Amino acid sequence: MGKPVLHYFNGRGRMESTRWLLAAAGVEFEEKFIASPEDLDKLRNEGSLMFQQVPMVEMDGMRIVQSRAILNYIATKYNLYGKDAKERVLIDMYTEGMADLNELFILLPMAPKEEKPAKIATIKDKAKNRYLPAFEKVLKSHGQDYLVGNRLSRADIHMVELLYYVEELDPSLLTGFPLLQALKTRISNLPNVKKFLQPGSQRKPPLDEKALEEARKIFRF
Amino acid sequence: MAAKPKLYYFCGRGRMESIRWLLAAAGVEFEEKFIASPEDLDKLRNEGSLMFQQVPMVEMDGMKLVQTRAILNYIATKYNLYGKDAKERALIDMYTEGVADLGEMIMTLILTPPDQREAKIALIKDRAKNRYLVAFEKVLKSHGQDYLVGNRLSRADIHVVELLYYVEELDPSLLTGFPLLQALKTRISNLPNVKKFLQPGSQRKPPLDEKVLEEARKIFRF
């Protein structure tokens, strides 16, 4: 069985949560980086992208596009999506809340310079007053080591990934959320995650100006 | 006997309409509590009913569900509209997310400042015609079956047909050139539950007019 092949540019963007989930599930994957507009055109012209967009992941004989479709498939395949429909709906609620906050992080590099301070302030406010309190409350409500079903699920992986981005933006944002900090530590110490967090893994760094300019040229935005 | 699902939202399409369509297509009766003032929304927030202080929220099966996709996934699973296995689910998710991307553009059109609206409409038409409708037509052509996935009705068919009605509302000529999608739209519209939902007097919501938009602006403060 071939390894999944991830098609995206060499940066976090909308592929990073897939990298985290595969890594946490202990699944080795390959990456084909889109480095020029021609690379993207080639994928489009060969009919590999259903909506002419990446992320695209080749796995199990399929070319899957759309981040959520990819993540849902991986989570199901590696038993990270809860044991029944009620656990799945909790996982989905939490995951979608995280995606809303994560979206602000994904879009931040593309904001015009003069808009950035306001956007950063919004992210900090939403993290501190809407999202982190909600997830801290979940952990407090059951006192368990994982967000859903007393075992590891994709919700924990997405949560911890997001906590790293919040911490990157402003470490002080995590004060006041001791249970989330403990979750972050626990999940980071799982062998697969620990490996992924080390230098040299396929985890991508924040976008710098040079990488952003390249992405602008490729994706024409 | 379980109570009917209860939908909390303002009286308009927005992010609740796809949920109304899916419940209706599944033959599930539901109630609606409309948020008509900022105080209504604050009440829901203060009583802790909204995990992220936002609607849509649906009360069903003893849960207060928020986040549109979580709600739709749960309903689709419960009423067997989510495929028979993981591979069918992946196809359904791919198609559904494509519908959501175009649907988002159409939904937010009314929020676009008037001077940018023409450009946005042109973009929507271009994307509908050259990216999304063409992709879904290709799926139907590839297997020649009556439904998008697995040769039976799934949420994908409901979401696509709902979208086709919005595309048609924007510009009926956009559907020419997509005969299989037109046929899907007709077939799905004739299913008894959907037919009923399409009739006047159902819980289906009309397009947002400026007056209703102003009310929504006051409630949701945007």
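Here is a short walk through this predicted model, one selection at a time.

Before you click, note that residues count from 1 along each chain as its sequence is written, and chains are lettered from A, with ligands numbered from 1, in the order in which they are written. Local features need pLDDT of at least 70, side-chain atom pairs count only at pLDDT 80 or more, totals for chains, interfaces and linings use all residues, and side-chain values use heavy atoms, with hydrogens and water left out.

**Stop 1: helix H1 of chain B**

Select residues 17-25 of chain B, which make up helix H1. Helices here are DSSP runs (H or I, at least four residues) and strands are too (E, at least two), numbered from the N terminus. Is H1(B) enclosed or open? Nine of the nine residues are buried, so H1(B) is largely enclosed by the rest of the structure. Buried means under 20% relative accessible area, exposed over 50%, and partly exposed in between (1.4 Å probe, protein chains only). To see what does the covering, show strands S1 (6-9), S2 (31-34) and S3 (57-60) of chain B, along with H3, H6 (155-170) and H8 (192-198). Just after the helix comes Gly27(B), with a positive phi near 75°.

Now pick Arg20(B) in that helix. Arg20(B) counts as buried because its relative accessibility is 0%. Its contacts (heavy atoms within 4.5 Å) include Tyr9(B), Phe30(B), Glu32(B) and Phe197(B). The side chain also reaches the backbone oxygen of Arg13(B) at 3.5 Å. Add Lys205(B): it sits 185 residues from Arg20(B) along the chain, yet their C-alpha atoms are separated by 9.0 Å.

Ser18(B) is buried too, at 17% relative accessible area. Leaving out residues up to four places away in sequence, Ser18(B) touches Thr68(B), Leu72(B) and Glu162(B).

**Stop 2: where the chains meet**

Show both chains: 32 residues of chain B are in contact with 32 of chain A. Together they bury about 2,800 Å², 64% of it on carbon and sulfur atoms. That area is the accessible area (1.4 Å probe) that two parts lose on being put together, summed over both. In chain B, select Met51(B), Phe52(B) and Met94(B), which lose the most area to chain A, together 22% of what that side buries.

Next, color Glu96(A) and Arg69(B), whose side chains meet in a salt bridge (3.7 Å, N to O). A salt bridge needs a side-chain nitrogen of Lys or Arg within 4 Å of a carboxyl oxygen of Asp or Glu. The count between the two chains is two salt bridges.

**Stop 3: salt bridges within a chain**

The structure holds 39 salt bridges over all chains. Try Arg14(A) and Glu103(A), at 2.7 Å, N to O. Arg14(A) is in the loop between strand S1 (5-8) and helix H1 (16-24) of chain A and Glu103(A) is in helix H4 (residues 85-107), so the pair ties together parts 89 residues apart in sequence. Arg14(A) is partly exposed at 31% relative accessibility, and Glu103(A) is partly exposed at 27%.

**Stop 4: the nonpolar core**

Finish on Leu147(A) and Met159(A), which touch the most other members of the largest nonpolar core, a set of 143 residues. Such a core is a set of buried Ala, Val, Leu, Ile, Met, Phe, Trp, Tyr and Cys residues joined through side-chain atoms within 4.5 Å. Around Leu147(A), look for contacts including Tyr94(A), Phe135(A), His142(A) and Leu183(A).

Key. A polar contact is a pair of N or O atoms within 3.5 Å; within protein, one must be able to donate a hydrogen and the other to accept it, and residues adjacent in sequence count only if both atoms are side-chain atoms.
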